[in-house]
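Visitor: I have the sequence and the model open. Please walk me through the fold.

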Amino acid sequence: MQDTGEESPLVFCADINKIIPFSSVDGPGNRTAIFLQGCNFNCRYCHNPETRNHCINCMDCVPGCPTNALKNNNGKVEFYPEKCIDCDNCINICKYGATPRIVRLTSRETFEKICENLPFIRGVTFSGGECMLYPDFMREVFSLCKEKNLGTLIDSNGSVDFKKHLGLLEVTDGVMLDIKAYDFDEHIKVTDKGNDIVLKNALFLAERGKLFEIRTVIVPELFDFRKTVDDISRILSPYLERSNIRYKLISYRENGVRKEYRNYRMPNEKELNEAKDIAVKNGFNDIVLI
């Protein structure tokens with residue numbers, strides 16, 4: 001559905017994977033981070049692969065729950081969050097890249113969860129999965145957040161055209177955009193999808209002053225990270241004079257990655273600094289290594 005920015009009743013819902021009440025790593029300051037379920041990429045190094053798909057109610061996870069937080073309710077897995085001890089048995093059992101620990105909330109209910117953390121948060125960040133699969137829901141939540149003077153950020157893989165969601169951008173302070181790989185074929189190798197719209201989004205958001213941060217996970221054996229950092233920092237360098245854009249360079253780690261993709265090696269310090277030097281050469285001065 002195209003977001004025109006017109007007012008509408010609070011009618012949208014989303015599948016919530018988890019809500020972190022207080023996060024210091026999902027944008028500036030102390031923030032509530034909300035992770036939505038479902039993703040249209042299949043990143044080889046995904047560290048939370050259980051957020052990719054939706055539960056198909058196969059029931060494999062139900063008998064493995066030690067606290068009976070999962071039950072078979074007429075052929076549908078029902079989740080009782082008050083019983084959950086976060087042991088991750090259900091996630092480890094699932095063969096479909098999903099989790100049964102999903103709570104479906106309306107935009108109003110989600111905003112009420114956010115308000116429980118006031119006045120101790122500076123803002124709200126939506127992540128995933130891929131949160132841009134729920135643009136109207138986010139627009140409603142962010143509109144309510146603005147009434148409380150809360151900052152609003154989107155953490156996205158860039159696969160959904162932001163031009164079609166101008167109403168959402170009006171209530172969004174900035175976007176943290178993943179650039180998985182600059183080369184089209186390498187992007188397919190990393191995610192199973194092309195990156196035409198990702199790069200278009202990067203330029204569109206930069207033009208509107210909405211590109212808060214770009215991110216690249218450095219996996220030396222998977223793609224040419226030097227080319228990606230060089231190309232993306234060069235095409236974005238003209239926009240650095242009008243607004244600051246942070247470049248976050250993230251070291252691959254095997255934590256949470258699916259077993260079949262844990263054979264990549266972490267970049268060494270020299271490689272990370274090479275990536276940083278490339279971005280500096282192209283005009284970036286706000287660079288974070290993780």
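Guide: This is a predicted model. Start with the sheet: 9 strands make an open sheet of mixed pairing, in the order 5-1-2-6-7-8-9-10-11.

Visitor: Which are the edge strands of that sheet?
Guide: The order runs from strand 5 to strand 11. An edge strand pairs on one side only. That holds for strand 5 (103-106) and strand 11 (287-289).

Visitor: What does the twist average from one strand to the next?
Guide: The sheet is open, with mixed pairing. From each strand to the next, the twist averages 30°.

Visitor: Do strand 6 and strand 7 run parallel or antiparallel, and what is the bridge partner of G123?
Guide: Strand 6 covers residues 123-127 and strand 7 covers residues 151-156. They run parallel, joined by 4 bridges. The partner of G123 in strand 7 is G151.

Visitor: Which strands does helix 3 lie across, and what is its angle to strand 7?
Guide: Helix 3 spans residues 135-147. It lies across strand 1 (13-23), strand 2 (31-36), strand 5, strand 6 and strand 7. Its angle to strand 7 is about 155°.

Visitor: Which strands does helix 8 touch, and what angle does its direction make with that of strand 11?
Guide: Helix 8, residues 269-281, packs on the sheet. It touches strand 9 (211-218), strand 10 (246-251) and strand 11. With the direction of strand 11, the angle is about 175°.

Visitor: Are helix 2 and helix 3 parallel or oblique to each other?
Guide: Helix 2 covers residues 107-115. Its axis lies 9 Å from that of helix 3, and the two pack at about 45°. The crossing is right-handed. An angle of about 45° falls outside the roughly parallel, antiparallel and perpendicular ranges, so the two helices are oblique.

Visitor: Which residues meet there, and how do they divide into nonpolar, polar and charged?
Guide: Helix 2 brings S107, R108, T110, F111 and I114. Helix 3 brings F137, E140, V141, L144 and C145. The contact divides into 6 nonpolar, 2 polar and 2 charged residues.

Visitor: In strand 4, which side chains are buried?
Guide: In a regular strand, side chains alternate between the two faces of the sheet. Strand 4 (residues 76-79) shows this alternation. K76 and E78 point to one face and are not buried. Pointing to the other, and buried, are V77 and F79.

Visitor: What stands opposite E78, and which residue in the turn has a positive phi?
Guide: Strand 3 (residues 70-73) pairs with strand 4 over 4 bridges, antiparallel. K71 stands opposite E78. The two strands form a hairpin with 2 residues between them. The turn residue with a positive phi, about 55°, is N74.

Visitor: Is T125 buried or exposed?
Guide: T125 lies in strand 6. Its contacts beyond four places in sequence include D26, R31, L153 and M176. The C-alpha atoms of T125 and M176 are 9.6 Å apart, across 51 residues of chain. Buried means under 20% relative accessible area; T125 has 0%, so T125 is buried.

Visitor: Where is the cis peptide bond that involves P119?
Guide: P119 sits in the loop between helix 2 and strand 6. Omega is about 5° for the bond in question. That bond joins L118 and P119.

Visitor: Is M59 buried or exposed?
Guide: M59 is in the loop between strand 2 and strand 3. Its phi is positive, near 75°, although M59 is not glycine. The relative accessible area is 17%, under the 20% cut-off, so M59 is buried.

Definitions and conventions: Residues numbered from 1 in each chain as written. Predicted model: local features only at pLDDT ≥ 70, side-chain atom pairs only at ≥ 80, totals over all residues. Heavy atoms only, no water. Pairing = 2+ DSSP bridges. Axes fitted to C-alpha atoms, helices over the stretch in contact; angles between N-to-C directions. Contact = heavy atoms within 4.5 Å. Parallel < 35°, antiparallel > 145°, perpendicular 65-115°, else oblique. Left-handed = near helix turned anticlockwise from the far one by under 90°. Nonpolar A, V, L, I, M, F, W, Y, C, P; charged D, E, K, R; others polar. Buried < 20%, exposed > 50% of the residue type's maximum accessible area, 1.4 Å probe, protein only.
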